[in-house]
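Trainee: Please take me closely through a single part of this model, beginning with the loops and what surrounds them, and then carry on to whatever the wider picture allows.

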Amino acid sequence: MGIKVENLSYSYSGNRKGKPALENVSLEIAKGEFVVISGAAGAGKSTLIKHFNGILHPENGRVTVDGLETRTREVRRKVGMLFQHSQNQLFEETVYRELAFGPSNFGIRGEELDKRVHEALSLVHLDAGILDRSPFSLSGGEKRRVALAGILALRPTYLVLDEPTAGLDPESRAKLLGRLQNIHQKRVGIVVVSHNLEEVLPFAQKVISMDEGRIVFTGSPDEYLRAGYSPVPPLARLMKELNKKGADLREDIFTAEEALKELQKLRQEKPERDREKSEKGAAETEAQDNA
Amino acid sequence: MPETAFNYVYGDSLLHRLDPRTKLAAVMCLSILVFREESFAGMGLLIAFFLLLTWISGVRLSFLLRSVRPLLFFIFFIFCFQLFATKGTPIIPLPVLPPSYEGLRLGTLLALRFGLLLLYAALLTASTLPSQITNGIERLLRPLPLRRLGVTSFDLATMMSLSIRFLPSFLENAATIRAAQLSRGLDLRHDLRRGTTAIAVPLIRRSILSAEEVTEAMESRCYQGQCRTSLHELRMQKLDWTALLGLGVFSLFFLLL
Ligand SMILES: Nc1ncnc2c1ncn2[C@@H]1O[C@H](COP(=O)(O)OP(=O)(O)OP(=O)(O)O)[C@@H](O)[C@H]1O
Ligand SMILES: [Mg+2]
């Protein structure tokens, strides 16, 4: 089960001949897995995820979700998809109707619908007071949360997000990622497309890296770091730099807490004179900055 | 980009090199001729003239014909309307709305007329860059006292080129919003009315917002529509005057015949 992509190729009609947007892509995303898809602009990430819920159909190859062909409507419900600039998709008169749009398209009515709306709203930490407001009267950040809630109201088995943190301030980014983690704990599979690896890597169970329409790497975040791909998250880079100067620290570090634990090891080791001490100070301030 | 209706085709033919004003004047003049023409012989001559110009331009005929395709249904409708609604000698004696010979004649003429108008227009856009067409229209309108109405020919030209420039991004937005709503389970075949709202509302909103953004960006760079200069000032060449003269003779000859 899960999302299964086999030998998928796709090219946009009329695009430069001989250069497909996706070339022979195969991958598998298990139920409840947290996957990060990375890659440079134009690598084909958006094209790939549009195949997950049948917005695009394979030119060659096969895509199935829990064994279902993506042409079936059920797949649209199973795979919740939040595109970039999701704030632009709002259109209803009230936030309530906006959230009800998805489920009601699948024939859900009455009390069940009401329950879904409130459930989705609480998943994005919005107040019930917002339900009667017009979506257009909200701030950009709130609009995005409403858009995300609109997808969550479908109770998807997989949640796919294209650049969800783009254009958000650092605090909202952290909050959004926290929410995604909560949703993941409810056994929803999460696929995030992101340029900003350092912020999503801590949550990821699997990293897929793309380049020019092909998959160039699949593996765990640790393997990703060890394989020496760039970009490297700042804390991991810090550990690497310290190791170069003679420390012996783990390099697969993503969070400030982990970093702190590692750095305290330094303190326990016999202080190797002033040189390292001053480095430690610098390292800790940087760790705090990143936290 | 797929080749679509009324696109520019890169080239260096005689037609491509003409001043846009010459071509605009020619299209207007030919349109009048097309609309006045009542005989099949005259229509034939205008079609022959169109084919001649197409040959000169080096644009593939099939490309120009593609511009007519979106309106084919409309043209067919007009043809049928004339065929059945014109009173005259019936071709087949039906009790209601018999097709008549007069209707057939009228319908064919009208269909040819619309088709030919579109084809001449397609030839203009195929051989002239959109910016050049705008430029040409601006120069042609400049002598008119539009200022009294609160706009200038420069404003009109800017509006035209902006609309042309916005079309691709409009289509892109439409595709994105459609994909987003489909992802939320919108079923266009099932509920067309709701589908239209779900796509049109965000699309129009988005378009107005981006229009506002462009306005602000232009104003902050001191756009004014009173008098604008152009990087490529249009200049009529000997070729243009020759072409206009030729066209004049052709029209006169045509009208007198
Ligand atoms: N609608 C389209 N029509 C034609 N070509 C397209 C279209 N959308 C994308 N492409 C092309 O397909 C390739 C992959 O695009 P895609 O949007 O999947 O990249 P991406 O990895 O999502 O990039 P980004 O990080 O910039 O969003 C690019 O070369 C792009 O030019
Ligand atoms: Mg993309």
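Mentor: A polar contact is a pair of N or O atoms within 3.5 Å, where within protein one must be able to donate a hydrogen and the other to accept it, and where residues adjacent in sequence count only if both atoms are side-chain atoms. This is a predicted model, in which local features need pLDDT of at least 70 and side-chain atom pairs count only at pLDDT 80 or more, while totals for chains, interfaces and linings use all residues. Residues are numbered from 1 along each chain as its sequence is written, chains are lettered from A and ligands numbered from 1 in the order in which they are written, and side-chain values use heavy atoms, with hydrogens and water left out.

The part to look at closely is A:Asp66, which sits in the loop that runs between strand S4 (60-65) and strand S5 (68-69) of chain A, helices (H or I, at least four residues) and strands (E, at least two) being DSSP runs numbered from the N terminus. A:Asp66 counts as buried because its relative accessibility is 10%, the classes being buried under 20% relative accessible area, exposed over 50% and partly exposed in between (1.4 Å probe, protein chains only). The side chain of A:Asp66 makes a polar contact of 2.9 Å with the side chain of A:Lys78, and another, of 2.6 Å, with the side chain of A:Tyr158. When residues up to four places away in sequence are not counted, A:Asp66 touches A:Met1, A:Gly2, A:Lys31, A:Lys78, A:Thr157 and A:Tyr158, contact meaning heavy atoms within 4.5 Å.

A:Tyr158, one partner of A:Asp66, leads on to the loop of A:Glu163, which lies between strand S7 (158-162) and helix H6 (170-185) of chain A. A:Glu163 is classed as buried because its relative accessibility is 12%, and its phi is near 50°, a positive value in a residue other than glycine. Most residues other than glycine have a negative phi. A second positive value of this kind belongs to A:Arg187, whose phi is near 70° and which is found in the loop between H6 and S8 of chain A; A:Arg187 counts as exposed because its relative accessible area is 67%.

A:Glu163 is touched from two other loops. A:Gln84, in the loop between strand S6 (79-82) and H3 of chain A, is in contact with A:Asp162 and A:Glu163 once its neighbours within four places in sequence are left aside. A:Gln84 counts as partly exposed because its relative accessibility is 34%, and its C-alpha lies 8.0 Å from that of A:Ala166, although the two residues are 82 residues apart in sequence. A:Ser194, placed in the loop between strand S8 (189-193) and helix H7 (197-200) of chain A, is buried because its relative accessibility is 2%. With the same neighbours in sequence left aside, A:Ser194 is in contact with A:Ile37, A:Ser38, A:Glu163 and A:Val200; of these, A:Ile37 is 157 residues away in sequence and 6.4 Å away in space, C-alpha to C-alpha. The side chain of A:Ser194 also reaches the backbone nitrogen of A:Asn196, at 2.9 Å.

The next residue to consider is A:His195, with an N or O atom of its side chain 3.1 Å from an oxygen atom of ligand 1. Ligand 1 is surrounded by 12 residues, the closest being A:Gly42, A:Gly44, A:Lys45, A:Ser46 and A:Thr47, where a residue is near a molecule if one of its heavy atoms lies within 4 Å of it. An N or O atom in the side chain of A:Ser46 is 2.6 Å from an oxygen atom of the ligand, and a polar side-chain atom of A:Thr47 lies 2.4 Å from one.

Turning to the partner chain, 23 residues of chain A are in contact with 18 residues of chain B. One salt bridge is counted between the two chains: B:Arg184 pairs with A:Glu98, with the closest N and O atoms 2.8 Å apart, a salt bridge being a side-chain nitrogen of Lys or Arg within 4 Å of a carboxyl oxygen of Asp or Glu. On the side of chain A that touches chain B, helix H2 (73-78), helix H3 (95-105) and helix H5 (140-152) each supply at least two residues, and the largest share, five residues, comes from H3(A).
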